[in-house]
Amino acid sequence: MDFLVSQTHISPFYLVIIGFIIGILGGFFGVGGSFLAGPALFAVGVPMNFVVGTDLAHIVGKSIVAAKKHRALGNVDLKLGFIMVIGTIAGVEVGAQGIEWLKHFGQANVDQVVGIIFVVVLISISAFVGWESWQTIKMQRDREREAEMSGVGARELGAKEDESAFDHIARKIHGIKLRPMMKLRVSGIERVSLWAILLVAFVGGVFSGFLGGGAGYIRMPAMVYLLGVPTHVAVGTDLFEIVISASYGTLTHAIKGNVDIMIALVMHTGAAIGAQIGASSTEYFRGPKIRLAFVPLPLIGAAIVIYSLLSGKHLK
Amino acid sequence: MEDKPTHAARSFLIELLVYAGLVVVYVFFVIAFLGNRLDALYQHHKIRYAFAALLLIIGQGVVLEMVTSILLKLIRSRSE
């Protein structure tokens with residue numbers, strides 16, 4: 001099938017299948033899936049600036065479905081979401097301007113710079129999440145052993161439903177007294193600086209505008225580890241926020257000529273059913289083991305980009 | 001007699017095939033039909049193209065959410 005806007009020729013079945021796989025992973029892990037969608041589009045010859053804009057458009061459609069479900073479950077902190085939108089939009093604009101600046105040096109430079117940064121980010125996320133989830137599992141095992149020896153329940157020893165080995169970092173950030181301070185009732189946070197929220201959102205927005213996708217792979221863990229938001233609320237709020245910020249990103253990238261909406265529409269047909277299946281599957285798997293299972297996924301995306309960058313070939 | 005998991009898997013596969021059929025018709029007849037018009041809009045009116053692109057993906061998101069929810073409800077009711 002010819003996609004006239006980006007002047008590419010891609011099998012629609014490939015796009016539907018990629019969308020379906022990304023939909024399942026997105027529904028299961030609560031991320032947009034751009035770490036796979038980006039490399040998968042790049043691998044079949046879509047220019048990197050179109051990869052960035054088109055992936056954002058595809059994420060709008062997919063996130064509407066997921067955000068609607070999370071809202072019904074009470075997993076969306078609207079106050080936090082609206083504050084984050086401001087920081088994210090500012091960041092997306094900075095990221096999109098970065099792409100525009102790179103375009104002045106030629107398409108090959110856009111592909112190379114974005115590709116290399118993408119690989120570094122993906123490998124870093126994979127390493128960090130792997131290390132963190134392993135630490136948390138180890139911490140839980142130690143506590144269970146301690147509970148067994150002392151004959152006390154693990155909960156009395158401080159175990160939480162949704163815990164992380166990085167809880168102490170969020171507590172330190174809550175302690176930063178940079179006014180104005182906010183109370184986030186739905187997230188269960190008594191006091192946090194508005195600037196901390198805006199900074200987390202801004203950094204996520206820069207990655208979103210520069211590398212494509214909703215950057216949920218950065219913002220969602222940042223909300224949990226840095227702001228101390230419970231995982232299920234972080235996932236729901238992030239998706240709500242992505243609908244607004246990715247819509248803005250789609251508009252700004254489309255005006256700059258970086259969106260092939262036909263590719264996004266075809267991919268989304270597979271992603272819609274995949275997201276439903278993935279979200280339904282989460283009830284069978286929970287906790288840090290899900291985060292550990294997530295570790296190989298960004299590495300697959302990184303491997304595809306490395307192959308394309310080194311060989312100069314696209315997987316058609 | 002079929003056991004419960006086999007029955008559920010079969011229902012799931014049937015619904016997936018129904019969805020795949022709907023997607024093929026939609027992609028080849030509806031989306032492909034839009035190709036030239038969207039390209040013309042992209043070449044001459046970038047701002048109109050941007051708003052049309054956003055409306056299309058939001059509209060498709062809402063419609064497919066309804067279609068997939070109905071299909072998954074059917075799978076559950078068949079497998080129960």
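The following dialogue concerns a predicted model and considers its chains, helices, strands and contacts.

Student: How many helices and strands does chain A have?
Tutor: Chain A is a chain of 316 residues, of which 53% count as buried. Among its contacts between residues at least 6 apart in sequence, 80% join residues at least 24 apart. The elements of chain A are 12 helices and four strands.

Student: Which element gives the largest share of the side of chain A that touches chain B?
Tutor: The contact takes 28 residues from chain A and 26 residues from chain B. On the side of chain A, the elements that give two or more residues are α1 (12–29), α3, α9 and α10 (261–281). The residues on this side divide into 20 nonpolar, seven polar and one charged. The largest share, 10 residues, comes from α10(A).

Student: Which helix of chain A gives the largest share of the largest nonpolar core?
Tutor: The largest nonpolar core has 108 residues, and those with the most contacts inside it are A:Ile261, A:Met262, A:Val266, B:Ala53 and B:Ile57. The largest share of this core is 12 residues, and these come from helix α3 (residues 48–72) of chain A.

Student: Which residues does B:Ala53 touch, not counting residues up to four places away in sequence?
Tutor: B:Ala53 is among the residues with the most contacts inside the largest nonpolar core. Leaving aside residues up to four places away in sequence, B:Ala53 touches A:Ala57, A:Thr250, A:Ala254, A:Val259 and A:Ile261.

Student: At what angle do the axes of helix α4 and helix α9 of chain A cross?
Tutor: Helix α4 of chain A spans residues 78–103, and helix α9 of chain A spans residues 231–255. α4(A) passes α9(A) in a right-handed crossing. The two axes come within 9 Å and cross at roughly 30 degrees.

Student: How do the residues of the contact of α4(A) with α9(A) divide into nonpolar, polar and charged?
Tutor: From α4(A), the residues in this contact include A:Leu80, A:Met84, A:Val85 and A:Glu93. Those they meet in α9(A) include A:Phe240, A:Glu241, A:Ile244 and A:His253. The contact divides into nine nonpolar, seven polar and two charged residues.

Student: Is A:Ile99 buried or exposed?
Tutor: A:Ile99 is found in helix α4 of chain A. Not counting residues up to four places away in sequence, A:Ile99 touches A:Asn49, A:Val52, A:Val110 and A:Phe210. A residue is buried if 20 or more other C-beta atoms lie within 10 Å of its own. Because A:Ile99 has 22 C-beta neighbours inside 10 Å, A:Ile99 counts as buried.

Student: Is A:Phe105 buried or exposed?
Tutor: A:Phe105 is found in the loop between α4 and α5 (107–150) of chain A. A residue is exposed if 12 or fewer other C-beta atoms lie within 10 Å of its own. A:Phe105 has 11 C-beta neighbours inside 10 Å and therefore counts as exposed.

Student: What separates the C-alpha atoms of A:Phe105 and A:Gly188 in space?
Tutor: A:Gly188 lies in the turn of the hairpin formed by β3(A) and β4(A). Along the chain, A:Phe105 and A:Gly188 are 83 residues apart, and their C-alpha atoms are separated by 47 Å.

Student: Which residue in β4(A) is the bridge partner of A:Leu184?
Tutor: Strand β3 (residues 181–184) and strand β4 (residues 189–193) of chain A run antiparallel and are joined by three bridges. They form a hairpin with four residues between them, and A:Gly188 in the turn has a positive phi of about 70 degrees. In β4(A), the bridge partner of A:Leu184 is A:Ile189.

Technical notes. Residues are numbered from 1 along each chain as its sequence is written. Chains are lettered from A and ligands numbered from 1 in the order in which they are written. This is a predicted model: local features need pLDDT of at least 70, side-chain atom pairs count only at pLDDT 80 or more; totals for chains, interfaces and linings use all residues. A nonpolar core is a set of buried Ala, Val, Leu, Ile, Met, Phe, Trp, Tyr and Cys residues joined through C-beta atoms within 7 Å. Two residues are in contact if their C-beta atoms, placed from the backbone, lie within 7 Å. Axes are lines fitted to C-alpha atoms, for helices over the stretch in contact, and angles run from 0 to 180 degrees between N-to-C directions. A crossing is left-handed if the near helix is turned anticlockwise from the far one by less than a right angle, and right-handed if clockwise. Ala, Val, Leu, Ile, Met, Phe, Trp, Tyr, Cys and Pro count as nonpolar, Asp, Glu, Lys and Arg as charged, and the others, Gly among them, as polar. Two strands pair if DSSP finds at least two bridges between them.
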